[in-house]
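This report looks at aromatic ring pairs and at the packing of two helices. The structure comes first.

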Amino acid sequence: MAAPLILGIGGTTRAGSSSETVLRAALREIEALGATTEILAGPDLVIPLYAPENPERDPAAARLVDLFRRCDGVIIASPGYHGSISGMIKNALDYAEDTARDDRPYLDGRAVGCIACAYGWQATGSTLIALRTIVHALRGWPTPLGVAANTTMTLFDEEGGCIDPGLKSNLSIMAGQMMHFVR
C-alpha cells in the first residue's frame, strides 16, 4: 500500500510565519507515521481570488486543485485574523469547488487536521471553530482534536523545532488521528 499523501495548507503572506511553522511541525509528525506530504504555505497561496465563472487557473491555483484531488488528507493551519481564518486561507479552500463534479468532490471522506494560531487564546478558539465548520461544509472529517497555538508564548526554537510540550503532544495526537482515519 502506498504511503498516504497529506496536503498541508497554511501560513500567511510572510514566509516563516507562526502558522507556517506550526504547519511544518505537524507535517513532520505525520511523516514520522509514514505519510508523504506536500506543503503549500505562505507565498505559495498568493493566488487570484477564486472566481467560479472563470475556469482559467494560474499555475499555483492549478497545483492547489491538483493536490486537493490527489490527497488522502489535509492539514490546514490558519492565523486568527480578527477572530476568524485569514482571507488567504479561505480563498485557497474556495478552490476546492473546482472538484465539485469529481468522483471524490471537495474533501469528501478525507481526514482534515485543523490548526489555529493567534496572538492570544480568544482568536485561536473562534478560528478553530471556523476551520472545522468549513471542513464540514467541504465534506471532510475534522480530527477530534483541533490544535490551538497561542503565539504569545515561545513555541519553537530557532531551527523550527517545537519546544512547547503541550503543542508538541497535540500535534502528535492530531497526526495519529489523521493516520487512523486515512488507513
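## Aromatic pairs: the two tyrosines

The model is predicted. It holds 2 aromatic pairs. One of them joins tyrosine 50 and tyrosine 95, which meet edge-to-face with 5.0 Å from centre to centre and 75° between the planes. This pair links distant parts of the chain, 45 residues apart. Tyrosine 50 sits in the loop between strand 2 (36-41) and helix 2 (59-70), while tyrosine 95 sits in the loop between helix 3 (87-94) and strand 4 (111-118).

Are these two tyrosines buried or exposed? Tyrosine 50 has a relative accessibility of 18% and therefore counts as buried, the cut-off being under 20%. Tyrosine 95, at 2% relative accessibility, also counts as buried.

## Aromatic pairs: tryptophan and phenylalanine

The rings of tryptophan 141 and phenylalanine 181 form an edge-to-face pair because their planes stand at 80°, and planes over 60 degrees apart fall in that class. Their centres are 6.0 Å apart. Tryptophan 141 belongs to strand 5 (residues 141-142) and phenylalanine 181 to helix 5 (residues 165-182), so the pair ties together parts that are 40 residues apart in sequence.

Both rings belong to residues that are partly exposed. The relative accessibility of tryptophan 141 is 46%, and the relative accessible area of phenylalanine 181 is 31%.

## Helix 4

Helix 4 (residues 121-137) has 17 residues. From its first C-alpha to its last it reaches 25 Å, close to the 24 Å expected at 1.5 Å a residue. Just after helix 4, arginine 139 takes a positive phi of about 65°.

Which residues of helix 4 are buried? They are Ala123, Thr124, Thr127, Leu128, Ala130, Leu131, Ile134 and Val135. Seen down the axis of helix 4, these buried residues fall within an arc of 165°, so they line one face of the helix. On the other side, Trp121, Gln122, Ile129, His136 and Ala137 are exposed. The buried residues of helix 4 pack against strand 3 (73-79), helix 3, strand 4, strand 5 and strand 6 (147-150).

## Helix 3

In helix 3, the buried residues are Met88, Ile89, Asn91, Ala92 and Leu93. What covers them includes strand 1 (5-10), helix 2, strand 3 and helix 4. Helix 3 is in turn among the elements that the buried residues of helix 4 pack against.

Notes:
Residues numbered from 1 in each chain as written. Predicted model: local features only at pLDDT ≥ 70, side-chain atom pairs only at ≥ 80, totals over all residues. Heavy atoms only, no water. Phe/Tyr/Trp six-rings, centres within 6.5 Å; stacked < 30°, edge-to-face > 60°. Helix = DSSP H or I, 4+ residues; strand = E, 2+ residues; numbered from the N terminus. Buried < 20%, exposed > 50% of the residue type's maximum accessible area, 1.4 Å probe, protein only. Expected span 1.5 Å × (residues − 1). Arc of directions from axis to C-beta. Contact = heavy atoms within 4.5 Å.
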